[in-house]
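Let's take a friendly walk through a protein model together. Keep the picture open beside you as you read.

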Amino acid sequence: MRRTFFMAKNRMKNKKIDSFFDHFPPKVAEYCFQLWHDYSFDFIVSKSRDSKLGDYRFSPAKGHQVTVNHNLNPYAFLVTYIHEVAHLTTYLAHKNKVLPHGQEWKTEFYQLFEPILDEDLLPAELVKVLKAYLQNPAASSNGYQPLVDILKSFDAEPPAGTPLIELEEGAAFALKNLRFIKGKLRRTRYICKEINSGRNYLVAKHAYVLPFENS
């Protein structure tokens with residue numbers, strides 16, 4: 001155990017800081033807090049977003065900002081958080097001179113994760129999958145099926161519905177009070193036509209949807 005490594009300096013006792021620790025696996029929460037402390041970014045636990053799990057932004061006026069969706073289980077929250085912090089550290093090292101998910105970001109992502117790739121800190125099966133994934137991480141954790149599967153196994157309750165990827169092309173499904181026809185895959189999302197308006201939407205391939213018979 002690397003106990004001294006995870007001790008956050010001057011840990012503040014207020015509601016915002018306490019809530020920070022609620023989102024992470026307990027044994028790595030101090031390490032994640034240390035990253036927040038060291039890089040001084042604005043951290044926002046966001047509402048659920050279908051298009052992304054988290055993001056990183058920088059502006060001269062507002063500085064660095066990291067967001068992560070609130071509805072992720074602690075292990076999915078951890079992976080997304082470090083993914084976005086890696087964007088921050090890549091920006092600090094290279095500014096906008098490199099690709100968003102290029103080799104520089106991949107190196108930063110691995111280096112930030114490496115100190116906690118330990119079976120004393122995280123479940124052994126997750127550590128095994130993460131070690132394989134971090135050799136060449138995808139732009140989204142949803143792009144690596146073994147990681148998708150292992151992270152979903154930690155959900156408190158299985159989501160209602162069926163993963164969109166399991167439906168046939170042309171199948172009808174409902175999502176957020178809208179009805180769609182599944183189209184072709186574009187990278188990690190399907191082009192789906194909303195039945196009433198005829199508009200096309202991009203829907204994440206692992207989104208849980210409610211299939212129905214379209215008469």
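Helices (H or I, at least four residues) and strands (E, at least two) are DSSP runs, numbered from the N terminus. With that in hand, we can place Phe 20 in helix 1, which covers residues 15-22. Before going further, please note that this is a predicted model, in which local features need pLDDT of at least 70 and side-chain atom pairs count only at pLDDT 80 or more, while totals for chains, interfaces and linings use all residues. Residues are numbered from 1 along each chain as its sequence is written, and side-chain values use heavy atoms, with hydrogens and water left out.

## The whole protein

The protein contains six helices and nine strands. Its radius of gyration (taken over C-alpha atoms) is 19 Å, close to the 17 Å that the globule rule gives for 215 residues, so the protein is as compact as a globular protein of that length. That rule is 2.2 Å times the number of residues to the power 0.38. Along the principal axes, the C-alpha atoms fill a box of roughly 60 × 40 × 35 Å.

How much of the protein is buried? Of the 215 residues, 43% count as buried. Here buried means under 20% relative accessible area, exposed means over 50%, and partly exposed lies in between (1.4 Å probe, protein chains only). The protein exposes about 12,400 Å², and carbon and sulfur atoms supply 51% of that area. These areas come from the Shrake-Rupley method with a 1.4 Å probe.

A contact means heavy atoms within 4.5 Å. Among the contacts with a separation of 6 or more, 49% are between residues 24 or more positions apart.

There are 29 positive and 23 negative side chains, and the centres of the two sets lie 7 Å apart. Lys and Arg count as positive and Asp and Glu as negative, while His and the chain ends are not counted. The place of a charge is taken as NZ of Lys, CZ of Arg, CG of Asp or CD of Glu.

## Around the helices

Let's return to Phe 20. This residue is buried, with a relative accessible area of 2%. Leaving aside residues up to four places away in sequence, Phe 20 touches Ala 29, Cys 32, Phe 33, Trp 36, Phe 43 and Tyr 81. Phe 20 and Ile 44 are 24 residues apart in sequence, and their C-alpha atoms are 9.6 Å apart in space.

Helix 6 (residues 145-152) has its own buried residues: Leu 147, Val 148, Ile 150 and Leu 151. Their cover includes helix 3 (74-94) and helix 5 (124-133).

Asp 42 belongs to strand 1 (residues 42-46) and is partly exposed, at 35% relative accessible area. Although Asp 42 and Gln 65 are 23 residues apart along the chain, 4.6 Å separates their C-alpha atoms.

## The six-stranded sheet

Strands of a sheet pair through backbone hydrogen bonds, either parallel or antiparallel. Two strands are said to pair if DSSP finds at least two bridges between them. In this protein, an open sheet of six strands has the order 4-9-5-6-7-8, with antiparallel pairing. Strand 4 (162-163) and strand 8 (200-204) stand at the edges, each with a single partner strand, so one side of each is left without a neighbour in the sheet.

Which residues face each other across the strands? The table gives some of the bridge partners.

| Residue | Partner | Partner's strand |
|---|---|---|
| Pro 163 | Tyr 208 | strand 9 |
| Phe 173 | Pro 211 | strand 9 |
| Ala 174 | Leu 210 | strand 9 |
| Leu 175 | Leu 178 | strand 6 |

Strand 4 and strand 9 (residues 208-212) pair over two antiparallel bridges. Strand 5 (residues 172-175) is joined to strand 9 by three bridges and to strand 6 by four, again running antiparallel. Strand 5 and strand 6 form a hairpin with two residues between them, and Lys 176 in the turn has a positive phi of about 50 degrees.

## Positive phi in the loops

Where is Arg 187? Arg 187 sits in the loop between strand 6 (178-186) and strand 7 (189-194). Its phi is near 60 degrees, a positive value in a residue other than glycine, and Arg 187 counts as exposed at 71% relative accessibility.

Ser 40 lies in the loop between helix 2 (29-39) and strand 1. Ser 40 is not a glycine, yet its phi is positive at about 50 degrees, and with 58% relative accessible area Ser 40 is exposed.
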